[in-house]
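Reader: I am new to reading protein models, and I would like to see how the words used for them are justified. Could you take me through some of them with care?

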Amino acid sequence: MGTVVVSVDAELSNHRQPSEREKRRARYGWRRLLELFETHDVPATWAVVGRLFTDTTEMDDRAPGSWFTAEATATFDDPARVVAERNRLSRSLSGRSLIEALLDSDPDHDVGCHSYSHPRFSNITRAQADAELTAAAAAMGEWGLEPRSFVYPFNAVDHRDVLADRGYLCYRETLGPGAGQERPTPDRPPYHPLELAPESVKWWAGWALDRVSEAYDAVVSEEPPALVEPEIQDTGLVAIPASLPQLYRMPLPARQAVRRMRGCPVERIVKLGIDAAIENDGIFHVWFHPGDFEVEGDFQSFESILEYVAERREDGDLRTATMVDVAERTLNF
Ligand SMILES: [Zn+2]
């Protein structure tokens, strides 16, 4: 039987100062994803940034009726419907209300940790890493939660012994050197304000080549993405690699162009991965951020992925699991 794992990097943005638009998109995506997971009864690992557990800031809703109308829906396919949905979903918009929505949700989600303030762990000291986990544990403890799964900010895996000391069971590993990382530069400050901005022509050239090959895969390749093998590390932690870099990261214009040509590229690749997991009794693991969903078509494609998962599960070919489920299974073998 195949296994599919979904992990969500539950944050509003990995920039230090996200724009209002980014935050709104992430808040909306968060609630919309919860609804989709609930409709299809698919549990996921939600690795939440610790500070959201204490955030009581309400977003400005001075114009309730036209709250999202202008800029925030400009890229959505059906603005009227999206505005209505957003108004419905945006009753309360503090970090705490997002956590409440997550905890009230029916599927048995695994609420994990994504650090407290999202630093790059490869650029902080062991003491800082420990302080991050202490702060996250305190914030989550107020909600009666004890996280057992961890996703590194920027996928920068480091200080694993600190995680192990803190009682974590598992963390998400990258597939290979650099896979899934935004950029592999260990000597940068942990809170670079332009975390995603270019550093050099060389980096851009590499990035462009990656996108071209991604676009090629999306349009013509029939090659399924990698299945993953959890591994028990010397720290005792279970490393659970991801099968793909973040879904929905192909730039929107390219994504839309491919979608028009032969359907949603993300949906196609993920379904190939699910089929491969079923065929090989393997594990297929995907991840993304709530704010990655830019147009209504992105949500629709994710919904059809979940429909496919639910169908194959119904057939008895596939199970859905969280990172903690996979770690427990690995440790009990
Ligand atoms: Zn993150």
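Reader: What makes the crossing of α8 and α9 right-handed or left-handed?

Author: The crossing of α8 and α9 is right-handed, a word used if the near helix is turned clockwise from the far one by less than a right angle, whereas an anticlockwise turn would be left-handed. The contact involves, among others, Val270 and Ile274 of α8 and Ile305 and Tyr308 of α9, where contact means C-beta atoms, placed from the backbone, within 7 Å. This is a predicted model, in which local features need pLDDT of at least 70 and side-chain atom pairs count only at pLDDT 80 or more, while totals for chains, interfaces and linings use all residues. Residues are numbered from 1 along each chain as its sequence is written.

Reader: Why are α8 and α9 called roughly parallel?

Author: Their axes cross at roughly 15° and come within 9 Å; angles under 35 degrees count as roughly parallel, over 145 as roughly antiparallel, 65 to 115 as roughly perpendicular and the rest as oblique, and α8 and α9 are therefore roughly parallel to each other.

Reader: How do you know that β1 and β2 pair, and in which sense?

Author: Two strands pair if DSSP finds at least two bridges between them, and β1 and β2 have four, in the parallel sense. Ser7 has Thr45 in β2 as its bridge partner. β2 also pairs with β3 in the parallel sense, over four bridges, with Trp46 opposite Val111 in β3.

Definitions and conventions:
Helices (H or I, at least four residues) and strands (E, at least two) are DSSP runs, numbered from the N terminus. Axes are lines fitted to C-alpha atoms, for helices over the stretch in contact, and angles run from 0 to 180 degrees between N-to-C directions. Two residues are in contact if their C-beta atoms, placed from the backbone, lie within 7 Å.
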